[in-house]
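I opened this notebook to keep track of what I looked up, in the order I looked it up. The entries are brief.

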Amino acid sequence: MDEVIKQLPKLAQEKHNENKKFFGKLKRKPPKDLDYIMQDLHEAEFNRTDCLSCANCCKTTGPLFTNADVERIAKHFRMKPQKFIDQFLRVDEDNDYVLQGVPCTFLDAENYCSIYDVRPKACREFPHTDRKKFQQISHLTLKNVAICPAAYNIVEEMKKLIHIK
Ligand code: SF4
Ligand code: SF4
């Protein structure tokens with residue numbers, strides 16, 4: 001997996017224009033059954049992906065934290081939300097709460113998430129490839145294919161499966 005992750009930014013860069021063009025068409029003319037196609041592709045890819053041997057999302061990006069995330073995780077630590085914010089988070093340029101740094105402070109040495117049951121919604125949903133109306137998050141997916149090998153593979157499969165004139 002390490003070698004795949006190392007190569008991924010370069011591979012994603014090589015596919016960038018092709019992917020951008022594909023997502024442009026997808027947005028204009030999404031297939032009627034796109035939600036089902038994405039569910040199938042997502043499931044098949046994650047059945048063969050071992051996130052524990054990767055954790056590249058947790059190591060290189062980190063999620064944004066909603067207020068509900070902050071409250072839930074602070075409660076888990078028996079901390080006041082503001083104390084949790086002061087200790088672990090910062091506000092980014094979009095005014096969102098994000099981690100103070102990466103790798104994520106909650107990732108352990110074996111790539112397990114130490115707050116797995118209460119982790120942020122963005123972590124639960126990453127890389128969002130089973131999301132409904134997937135064509136609406138193409139800008140995000142164009143970035144995620146450089147971080148997440150599973151997202152990269154799913155987009156490659158999409159291009160083989162979906163042909164839009
Ligand atoms: S979601 Fe993607 S980047 Fe994150 S651990 Fe799994 S394969 Fe790796
Ligand atoms: S909270 Fe857990 S799942 Fe989310 S980035 Fe940190 S280690 Fe990864």
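The entries below go through domains, core, sheet and ligand surroundings.

**Entry 1, the model.** I noted before anything else that this is a predicted model.

**Entry 2, domains.** I looked up how the chain is divided. The assignment gives domain 1 as 2-58 + 129-161 and domain 2 as 64-125. I then checked the separation of the two: their C-alpha centres are 25 Å apart.

**Entry 3, the core.** I asked which residues have the most contacts inside the largest nonpolar core. They are Val145, Cys148, Ala151, Tyr152, Ile154 and Val155, in a core of 24 residues. I went on to list the elements that supply at least two residues each: helix H2 (34-48), helix H3 (56-60), helix H5 (81-88), strand S3 (97-99) and helix H8 (149-161). Helix H8 has the largest share, with six residues. I also wanted to know why this core lies between the two domains. The reason is that domain 1 and domain 2 both give residues to it.

**Entry 4, one core residue.** I picked Tyr152 and looked up its contacts, leaving aside neighbours within four places in sequence. Tyr152 is in contact with Leu8, Leu11, Ala12 and Val145. Val145 is itself among the core residues with the most contacts.

**Entry 5, the sheet.** I turned to the strands and found an open sheet of three, ordered S1-S3-S2, with antiparallel pairing. Strand S1 (64-65) and strand S2 (89-91) are the edge strands, and each pairs on one side only. For the pair S2 and S3, I found three bridges in the antiparallel sense. Leu89 stands opposite Leu99 of S3. Strand S3 had already come up as a supplier of core residues.

**Entry 6, ligand 1.** I listed what surrounds ligand 1. The shell holds Thr49, Cys51, Cys54, Ala55, Asn56, Cys57, Phe126, Pro127, Ile147, Cys148, Pro149 and Ala150. H3 and H8 are the elements that give two or more residues to this shell. By class I have 10 nonpolar residues, two polar and no charged. Cys148 is in this shell and also among the core residues with the most contacts.

**Entry 7, ligand 2.** I did the listing for ligand 2 as well. Around it are Cys58, Gly62, Pro63, Cys104, Phe106, Leu107, Cys113, Ile115, Arg119, Pro120 and Cys123. How many of these are nonpolar, polar and charged? I have nine nonpolar, one polar and one charged.

Key:
Residues are numbered from 1 along each chain as its sequence is written. Chains are lettered from A and ligands numbered from 1 in the order in which they are written. This is a predicted model: local features need pLDDT of at least 70, side-chain atom pairs count only at pLDDT 80 or more; totals for chains, interfaces and linings use all residues. Domain bounds come from an automatic or database domain assignment. A nonpolar core is a set of buried Ala, Val, Leu, Ile, Met, Phe, Trp, Tyr and Cys residues joined through C-beta atoms within 7 Å. A residue is buried if 20 or more other C-beta atoms lie within 10 Å of its own, exposed if 12 or fewer, and partly exposed in between; C-beta atoms are placed from the backbone. Two residues are in contact if their C-beta atoms, placed from the backbone, lie within 7 Å. A residue is near a molecule or strand if its C-beta atom, placed from the backbone, lies within 6 Å of it. Ala, Val, Leu, Ile, Met, Phe, Trp, Tyr, Cys and Pro count as nonpolar, Asp, Glu, Lys and Arg as charged, and the others, Gly among them, as polar. Two strands pair if DSSP finds at least two bridges between them.
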